[in-house]
Amino acid sequence: MVLGILGSGSGSNMQAILDAIDAGELAARIALVLSDNPDAFILERACRRGLATGLIDCRGFRTKFPEAAQVETAARLQAAGVELLCLAGFLRLVKRPLLEAFPQRILNIHPSLLPAYPGLESWRQALDTGAAETGCTVHFVDEGMDTGPIILQECVPILPGDTADSLHARIQVVEHRLYPAAIRLVAHNSHLP
Ligand code: GRF
């Protein structure tokens, strides 16, 4: 399975995918890593590893993923032979040009038990509402924000004394196991629509 990765931040989930590949737990390779943020550590991780990387030109928009940029991104991923696109901490909403280029072939990881707490800083939302547990979800991406069919999810308890940082760190430990497992599931069922 040839993977493409889009990320805006640290890239610890991409690292977990690479580690699973190295450990022989995931039969895949990463063909291209793209970011909308030139300073994102995900690019440095990818470069250190000798992976092909690139910047997405979002035409000066702070949060929008302009249609022309999505068309360009789809073309670069297709030229690299990407079969499955993994969003790993990518902070822009993917829309039709990319969704149509990779139908049922875009995954995202989200730090909550969706449909609970979509959007940003979901671990903080869970903490603020006094929930007893939260978790993380890997799902197919559709036109919505953190909607789309769920592939795998796992609970993370909220402990007394948890802060936003301690909770997010515990969620990430689970994410790093869940994302490679979900990719493996999709790869094994890649004959499905
Ligand atoms: C993760 O918590 C993921 O669930 C969310 O963004 C964060 C990305 O972390 N979508 P990283 O860049 O993979 O370390």
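E121 is placed in the loop between β5 and α5, where helices (H or I, at least four residues) and strands (E, at least two) are DSSP runs numbered from the N terminus. The phi angle of E121 is near 45 degrees, a positive value in a residue other than glycine. P115 also lies in the loop between β5 and α5, and the peptide bond from L114 to P115 is cis, with omega near 15 degrees. Most residues other than glycine have a negative phi, and most peptide bonds are trans.

This is a predicted model, in which local features need pLDDT of at least 70 and side-chain atom pairs count only at pLDDT 80 or more, while totals for chains, interfaces and linings use all residues. Residues are numbered from 1 along each chain as its sequence is written, and side-chain values use heavy atoms, with hydrogens and water left out.

The ligand is surrounded by S10, G11, S12, N13, G89, I109, H110, P111, H168, Q172 and E175, each having a heavy atom within 4 Å of it. At least two residues of this shell come from each of α1 (12-22), β5 (106-110) and α6 (164-188); α6 gives the largest share, 3 residues. The shell has 2 nonpolar, 8 polar and 1 charged residues. In this classification Ala, Val, Leu, Ile, Met, Phe, Trp, Tyr, Cys and Pro are nonpolar, Asp, Glu, Lys and Arg are charged, and the others, Gly among them, are polar.

The table lists ligand atoms and their protein partners at the distances computed.

| Ligand atom | Protein partner | Distance |
|---|---|---|
| Oxygen | Polar backbone atom of S10 | 3.3 Å |
| Nitrogen | Polar backbone atom of I109 | 2.9 Å |
| Oxygen | N or O atom in the side chain of Q172 | 3.1 Å |

Taken alone, the ligand exposes 370 Å², of which the protein buries 86% (Shrake-Rupley method, 1.4 Å probe).

The ligand sits in the largest pocket, meaning that more than half of its atoms lie within 2 Å of the pocket's grid points. A pocket is an open set of points on a 1 Å grid over the protein atoms alone, where a 1.4 Å probe fits, with protein on both sides within 12 Å along at least five of seven lines; lining residues have an atom within 4 Å of a point. About 970 Å³ of space lies in this largest pocket. Of its 35 lining residues, G89, F90, L91, I109 and L120 are the closest to the centre. The lining divides into 12 nonpolar, 16 polar and 7 charged residues.

Methods: A polar contact is a pair of N or O atoms within 3.5 Å; within protein, one must be able to donate a hydrogen and the other to accept it, and residues adjacent in sequence count only if both atoms are side-chain atoms. Grid points are joined across faces, edges and corners, and a volume is the space filled by probe spheres set on the points.
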